[in-house]
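Reader: Could you walk me through this one, beginning with a side chain and its polar partners, and then moving outwards from there?
Author: Gladly; let us look at it together.

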Amino acid sequence: MKKILAIMAAVLTLASCSENFNAAYLLSSGAKIAQAASVTDEQMKAYVSQYVAQLDAQSPVLPESNAYVKRVRNLTKGITEVDGTPLNFKVYQTNDVNAFACADGSVRIYTGLLDRMTDDEVLGVVGHEIGHVALKHSLKQYKAALRNSAIRDAVVSAPSPS
């Protein structure tokens, strides 16, 4: 954060010496820094919930009566929350070997993964995905992306050499 503020200060200093700078990019940079500093875990969960709802609507989510879903329910019995975040598991019908988890506790497992892994291996993947939720990786990555974008905007706002 200190590096970002130092870069912004340097850019502002350079910009004040020239009329040839892009104030919009500099303002954008400042706004992104403020957003990165202030976005909360609850805001991230709300944003991600919308994204997951869209994914679930566009993906082939298997019903509770499906054998894959029953397997996942059996494997994850008793795994209901992580650090106060409720977990919800769904199975997508796809040949892809994948799984993912989001900040709101949504965990999605693909049938391609279930076809190729033993129960113990699936539990290892589930544990890995839940670790992303527990360690707040979505929030950290979002903040890092905002900071990186702010740095790019600050650099772009600087006057070009004459």
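Author: In this predicted model, the side chain of R108 makes a polar contact with the side chain of D56, at 2.8 Å. The R108 side chain also makes a polar contact with the side chain of N88, again listed at 2.8 Å.

Reader: OK, and where is R108 found?
Author: R108 is found in strand β5, which covers residues 106–110.

Reader: Is R108 buried or exposed there?
Author: R108 has a relative accessibility of 2%, and because buried means under 20%, R108 counts as buried.

Reader: What does R108 touch, if I leave out residues up to four places away in sequence?
Author: With those left out, R108 touches V52, D56, N88, F89, K90, Y92, A99 and F100. Two of these names return elsewhere: D56 as a side-chain polar partner, and F100 as the residue that stands opposite R108.

Reader: Now the strand as a whole: how many residues of β5 are buried?
Author: Five of the five are buried, so β5 is largely enclosed by the rest of the structure. Both faces are covered, with S106, R108 and Y110 on one side and V107 and I109 on the other. As general background, side chains in a regular strand alternate between the two faces of the sheet.

Reader: Switching to the sheet, in what order do the strands come?
Author: The sheet is open and has three strands, in the order β3-β5-β4, with mixed pairing. Since β3 (88–92) and β4 (99–101) stand at the edges with a single partner strand each, one side of each is left without a neighbour in the sheet. The twist from one strand to the next averages 15°.

Reader: Mixed in what way, then; which strands run parallel and which pair in the antiparallel sense?
Author: β3 and β5 run parallel and are joined by five bridges, with I109 in β5 as the bridge partner of V91. β4 and β5, on the other hand, pair in the antiparallel sense over three bridges.

Reader: What about the hairpin of β4 and β5, which residue takes a positive phi there?
Author: That is G105, with a phi near 95°, in a hairpin that has four residues between the strands.

Reader: Last one: which helix lies across β3 and β5?
Author: Helix α4, residues 67–75, lies across those two strands, and it runs at about 150° to β3.

Terms used. Residues numbered from 1 in each chain as written. Predicted model: local features only at pLDDT ≥ 70, side-chain atom pairs only at ≥ 80, totals over all residues. Heavy atoms only, no water. Pairing = 2+ DSSP bridges. Axes fitted to C-alpha atoms, helices over the stretch in contact; angles between N-to-C directions. Contact = heavy atoms within 4.5 Å. Buried < 20%, exposed > 50% of the residue type's maximum accessible area, 1.4 Å probe, protein only. Polar contact = N/O pair within 3.5 Å; in protein donor to acceptor, adjacent residues only side chain to side chain.
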